[in-house]
Amino acid sequence: MSNKCKVCKEQFTSYHYLQKHMLSHSVDAGYRCDVCEKRFVSSGSLERHERIHSGETPFQCNVCEKRFTQSGALQMHERIHSGEKPFQCNQCEKRFTGSGSLKMHKRFHSGEKPFQCKVCSKGFTQSQHLNKHVLVHTGQKPYQCGLCEKRFTNSGNLKIHKLLHSGEKPLQCNQCEKHFTQISSLKSHERIHSGEKPFQCKVCSKGFTRSHHLKGHMVVHTGQKPYQCNQCEKSFSHSGALVMHKRIHSGEKPFQCNVCEKRFTVSGNLKMHERTHSGEKPFKCNVCEKRFIVSSNLILHERTHSGEKPFHCNVCEKRFAGSGNLKTHERTHSGKKPFIVKGVRNASHKIVN
């Protein structure tokens, strides 16, 4: 059953909210806004609405003095200072400051996407995500940067873009002091420290720290590779991999180190390289506190403590902690000789820490 208003086409998450909303269209709804003529079923609802026009924010936080139009919004904000998270998910036990955040989170488990695009039928968990998506079809970019005139579909992306000009990174990780421009980037980074992988594959149960990593992984099961190189006809599961592959043909290395001017084809490789200059080792072992430049080397190291050897030889069933060690071992059966770079010994197995 659709929870969409037949009058104004607004979508709601439940029939209860739809019924409540329908009263605003009723001629019997006796409370009307003098500015926009929107109608309300109660004087309290009208009073809260009028603050949108007046800009009045009567509710103030005692800690940081931030002001709000509604007492409920203030109450939720105060939990940022207190750390209180009274709403808990009954599936993964993750906690939230507001019931609305919990409701949206539950959709990750259920797969529910109640907000649907009328043009392409794509579904979304939140109405604001749908509103942003619709601009893809209209091509509308109403928000413009005053410095470089680049345009954006929403004010949030413009705000983030402006940080590129200022160099400001206001969000800091409380474990390794790394700074970020976006809250989503900070949250994804914090999962490196916590080990949390909230995005799980329904086929093989493999977990991921980011939703787009899960999306990229799903093609392993489908086998779909829709992106093809027009030079060598090699196919890829996602467009980003094709873009990086094409640099093999062109020789393009667009990412340059500011210290030694060495160039890289992939931004991730530049980031890892820059740590050789800065000495940064953000990935720490929880057992012995040894630190590493890249997360894959930490994973490999942790297996020395756990004894885990997930890679096994199909010929003799001998097991290994790393895929590189397995490949080296497999050559004892196949007789293949490894590729040797002159002047470099065992480079492929060295852990950079």
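**Exercise 1. Glu308**

Task: In this predicted model, is Glu308 buried, partly exposed or exposed? Which residue forms a salt bridge with Glu308?

Solution.
- Step 1. Take the accessibility. Glu308 has a relative accessible area of 42%. Buried would need under 20%, and exposed over 50%. Glu308 is therefore partly exposed.
- Step 2. Place the residue. Glu308 sits in the loop between α11 (295–306) and β21 (311–312).
- Step 3. List the contacts. Beyond its neighbours within four places in sequence, Glu308 touches Arg303 and Ala321.
- Step 4. Check for a charge pair. Arg303 forms a salt bridge with Glu308, with the closest N and O atoms 3.8 Å apart.
- Step 5. Look at the partner. Arg303 has a relative accessible area of 16%, so Arg303 is buried.
- Step 6. Add a long-range distance. The C-alpha atoms of Glu308 and His165 are 46 Å apart. Along the chain these two residues are separated by 143 residues.

**Exercise 2. Two further salt bridges**

Task: How many salt bridges does a search of the whole structure find? Work through the pairs Arg51 and Glu47, and Arg275 and Glu280.

Solution.
- Step 1. Recall the principle. Side chains of opposite charge can pair when their charged atoms come close.
- Step 2. Get the total. The whole-structure search gives 7 salt bridges.
- Step 3. Take the pair Arg51 and Glu47. Their side chains meet at 3.6 Å, N to O. The cut-off is 4 Å, so the pair qualifies as a salt bridge.
- Step 4. Relate this pair to the helix. Arg51 and Glu47 are 4 residues apart in helix α2 (residues 43–54), so about one helical turn separates them. In an α-helix, residues three or four places apart point the same way, because there are 3.6 residues a turn.
- Step 5. Compare exposure. Arg51 is buried at 10% relative accessible area. Glu47 is partly exposed at 45%.
- Step 6. Take the pair Arg275 and Glu280. Their salt bridge has an N to O distance of 3.8 Å. Arg275 is buried, with a relative accessible area of 10%. Glu280 is partly exposed, at 28%.

**Exercise 3. His273**

Task: Where is His273 found, and which residues is His273 in contact with beyond its neighbours within four places in sequence?

Solution.
- Step 1. Find the element. His273 belongs to helix α10 (residues 267–278).
- Step 2. Classify the exposure. The relative accessible area of His273 is 14%, so the residue counts as buried.
- Step 3. Read off the contacts. Leaving out neighbours within four places in sequence, they are Cys257, Cys260, Lys262 and Phe264.

**Exercise 4. The aromatic pair**

Task: How many aromatic pairs does the search of the whole structure find? Is the pair of Phe108 and Phe199 stacked or edge-to-face?

Solution.
- Step 1. Count. The search finds 1 aromatic pair.
- Step 2. Use the geometry. The ring centres of Phe108 and Phe199 lie 5.8 Å apart, and the planes meet at 80°, so the pair is edge-to-face.
- Step 3. Map the rings onto the chain. Phe108 is in helix α4 (residues 99–110), and Phe199 is in strand β13 (residues 199–200). The pair therefore ties together parts 91 residues apart in sequence.
- Step 4. Contrast the exposure. Phe108 is exposed at 53% relative accessibility. Phe199 is buried at 15%.

**Exercise 5. Cysteines**

Task: How many disulfides are counted? How far is Cys89 from the nearest cysteine sulfur?

Solution.
- Step 1. Apply the cut-off. Two cysteine sulfurs must lie within 2.5 Å. The count is 0 disulfides.
- Step 2. Check Cys89. Its nearest cysteine sulfur belongs to Cys92, 3.8 Å away, and Cys89 is in no disulfide. Cys89 is buried, at 1% relative accessibility.
- Step 3. Check Cys232. Its nearest cysteine sulfur, that of Cys229, is 3.8 Å away, and Cys232 is in no disulfide. Cys232 is partly exposed, at 37%.

**Exercise 6. Confidence**

Task: What is the mean pLDDT of the chain, and which element has the lowest mean pLDDT?

Solution.
- Step 1. Start with the chain. The mean pLDDT is 83, and 92% of residues reach 70 or more.
- Step 2. Rank the elements. Helix α1 (residues 15–22) has the lowest mean, 72. Strand β18 (residues 263–264) has the highest, 91.
- Step 3. Flag the weak stretch. Residues 340–352 have pLDDT below 50. Beyond near neighbours in sequence, this stretch has 9 contacts in the model.
- Step 4. Draw the consequence. Where pLDDT is low, the predicted coordinates should not be read in detail.

Terms used: Residues numbered from 1 in each chain as written. Heavy atoms only, no water. Helix = DSSP H or I, 4+ residues; strand = E, 2+ residues; numbered from the N terminus. Buried < 20%, exposed > 50% of the residue type's maximum accessible area, 1.4 Å probe, protein only. Contact = heavy atoms within 4.5 Å. Phe/Tyr/Trp six-rings, centres within 6.5 Å; stacked < 30°, edge-to-face > 60°. pLDDT = per-residue confidence, 0-100.
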